[in-house]
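Here is a short set of exercises to work through with the structure open beside you. Take each task in turn, try it yourself, and then follow the steps of the solution.

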Amino acid sequence: MTNPVSRREFLNLLGAYGGTSAVLQAGVALGFMPSSSQAAEIALQANNGKKVAILGTGISALTTAWELTKAGYDCTLLEASHRPGGRMFTVRSGTVIDEIGNYQRCEWDNDPHLYFNAGAARIPSIHSNVLKYCKELEVELQVFVNESKTAWVQDDAMNGGKPVRNTDYSSSMQGFISEMLSKALGDSKLDSSLTESESETLLGMLRRFGDLNEDMLYKGSTRAGYGSGGFLDHGTTKDVVALRDLLKARNGGSVMVTTQEGTGSGPLLMQPVGGMDRIIYAFANRLGDRIKFRAPVTEVMVKDDGVEVAYEQNGVTEVLKADYCFNCIPSHLMSGIPNNFPDDYSEALNYIRRGRAYKAAFQAKERFWEKENIYGGITWVNAPIQQIWYPPHNIHGKKGVVLAAYNFGGANYTEMSQQDRIEDLLKHGEKVHPNYREMAQKPMTIAWHRMNHMLGCAPRWARNRGGWSDKEEQMYETLRQPVNGRHYLIGDQSTQHSAWMESAIQSAHYALADLDQRVRAEPA
Amino acid sequence: MKKIVTATTLILSAVCSMASLAAEGDVGVAAAMDDRYCTTCHGVEGIGNIAIEAPRLAGMEAWYLKRQLENFRAGIRGTHEEDVQGIAMRPMAAKLSDESIADIVDWVGDWEYVPAEATVEGNVRQGRTAFQACAACHGANAQGNEALGAPALAGQNDWYLLTQLRNFRAGFRGSHQEDTFGSQMVTMSKTLTDDQAVIDVVSYINTL
């Protein structure tokens, strides 16, 4: 490539993203770990047998029940579904996906390695409270490989639609960025904010970051692997994919930031051995018959001295009277359940939008990706399927379950028939792996927007991309306060970082701390 | 129902043993699934759910509910690409058998009719005038008329009536050639000259 983007163009680009000083200021925050890096110490006052109704069995509910039970509270959990866990859901041989209008039963081989985490699937090392419970409840964890440089990047517009290896994409992009930035460093505008010695340090770093040659140009890198040789013979550098070509891939941003752990993603993540629902069942087993399944809540009435929860089981309506209630029923379902919440509380509940997320997976006849030197990680596809994940566990085993689509936006999978969903994932997948269609056995799909008793994925609060409005912040605070000191809303809907188990657990801890304070303040 | 009880008992009896986990992953296996999904979206006893945009079913006439379920199943309703809520409903109905539809209609018939809360505010006087055209089929009190195939409107969620009138006016509902009653509504909805007229007429229905 020769000067594919001019220096001026590049500086304009930099300006568009805030310029150098903005970048330097960002460094101020370095050195601080996110607050979630510390697991909470829960020290509830030992109790007394107070009755607590817990609505739902998502991880926030299970956390609440577990902590309260340990402290001597008398907990009852009401679960509308036939299974616990909410969006922590693992599909394996025999599992029913209770999607309304698209009932599926998994007929994969009965093998502990063959499972699909249809909801939560990854645990970052900074999600200390999730990890704390895994340790406490003896849930065995293993490393989850989130990024593989040998996985692919595919976009119909790039490289004639042929996939390129992640490493070809990212090494070259790193090279080009470094080359352009090193050229720009001579410019007075950029230079003025750096001392000479800082400039030199930065240049040295850029040379290594981009693997630039002595003339500070990117001419390919062995980081992308060798074109040939490399073991018995000297390795040769691969041909460089031109920057203009790389820029045709519109999902490059995702490719480049997979390993930024601060937001929860990272190269090193973890997963429970055998499926994410191992965490759920670790809680559920210990809670035993405190959980009532197929017991949908039909009314929630907050009283002066407690909460009355009506629910239906086996065709009979029962009323559970409790001193306190912790509720992780999705807000959009609470809108359809009679209650006596205050108007501002209901308004806030109705405000939260239900997220749309879609995942699909199949049992692969053979571990075909391993023949392509892929052992985990993500292939990025610029199509609604967005991602293909390869199982990092059971390496060299016979089969494996491939995640064949992960869309968390507005694609219309929810409305598609099962047959169309399957054709869609095969059609896009075979652009990456020519034998994909032949390898795919019994695909399973899940559109969370239509899952029975869920009807949505991660809740969405902010309506504007710019962030939370004052009104939204205010409604959020409204929901964080217990109704009459008796009814607590929990779950990731009651956090500002939805879609993570850690958030849901922290919402439970937040509510528990409030409860504990109230109970301690009660006259003895 | 026996099956369900068995499944639940199974999981509850398998306490604390890590070795028993594999079996519990299969809790769903024995669970009987039926077609009574309605309340997940439409609320407890079909009271309607604005957050899902799923209307009140309690009090809906059996003949109307049956016809709509059959229309959804046949793709007569819920297939226009702009009918967002209809598209969401269609797959729920697509797999229903005649028996399931009959079962659902019976089930819904058990629910207590509770008029929906008013959320739409328009010019009631204007709406009253506009409603005269509607009254011919739906009745002066919007109580519905089975003989004309016109359902009751009174007591229905006003936000739902608003969406449906907008959909009829735009042809998102009622354009399917086999949707006899829907096509009548496409014509009739055009007597409402603009969106304000739609809001007004729904506001008037709220008073009935």
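**Exercise 1. Work out why strand β23 of chain A counts as largely enclosed by the rest of the structure.**

Step 1. Settle the terms: strands are DSSP runs of E with at least two residues, and helices are runs of H or I with at least four, both numbered from the N terminus. A residue is buried if 20 or more other C-beta atoms lie within 10 Å of its own, exposed if 12 or fewer, and partly exposed in between, with C-beta atoms placed from the backbone.

Step 2. Now go to residues 400-407 of chain A: seven of these eight residues of β23 are buried, so the strand is largely enclosed by the rest of the structure.

Step 3. Keep in mind that this is a predicted model, where local features need pLDDT of at least 70 and side-chain atom pairs count only at pLDDT 80 or more, while totals for chains, interfaces and linings use all residues. Residues are numbered from 1 along each chain as its sequence is written, and chains are lettered from A and ligands numbered from 1 in the order in which they are written.

**Exercise 2. Find the strand that is joined to β23(A) by seven bridges, and the residue opposite A405(A).**

Step 1. Two strands pair if DSSP finds at least two bridges between them. Strand β20 (residues 358-364) of chain A has seven bridges to β23(A), and the two run antiparallel.

Step 2. Opposite A405(A) in β23(A) stands A360(A).

**Exercise 3. List the residues that A404(A) touches, and place A404(A) in its core.**

Step 1. Contact here means C-beta atoms, placed from the backbone, within 7 Å. Leaving out residues up to four places away in sequence, A404(A) touches A360(A), A361(A), F362(A), I385(A), I388(A), L425(A), G429(A) and P443(A).

Step 2. A nonpolar core is a set of buried Ala, Val, Leu, Ile, Met, Phe, Trp, Tyr and Cys residues joined through C-beta atoms within 7 Å. The largest one has 155 residues, and A404(A) is among those touching the most other members, together with A53(A), V309(A), C325(A) and V402(A).

Step 3. Another core, of 17 residues, lies apart from it and includes F131(B), C134(B), M185(B) and Y204(B).

**Exercise 4. Trace the open sheet β15-β16-β17 of chain A and name its edge strands.**

Step 1. The three strands follow that order with antiparallel pairing.

Step 2. At the edges stand β15 (297-303) and β17 (316-322) of chain A; each has a single partner strand, so one side of each is left without a neighbour in the sheet.

Step 3. Six bridges connect β15(A) with β16 (residues 306-313) of chain A. One pair to look up is K303(A), whose bridge partner in β16(A) is G306(A).

**Exercise 5. Do the same for the open sheet β7-β13-β8 of chain A.**

Step 1. This sheet has three strands, paired antiparallel. Its edge strands are β7 (123-124) and β8 (141-145) of chain A, each pairing on one side only.

Step 2. Between β8(A) and β13 (residues 268-272) of chain A there are five bridges; L141(A) has P272(A) as its bridge partner in β13(A).

**Exercise 6. Set the make-up of chain A beside that of chain B.**

Step 1. Chain A has 16 helices and 26 strands, whereas chain B has ten helices and zero strands.

Step 2. Buried residues make up 46% of the 524 in chain A and 42% of the 208 in chain B.

Methods. Contact = placed C-beta atoms within 7 Å.
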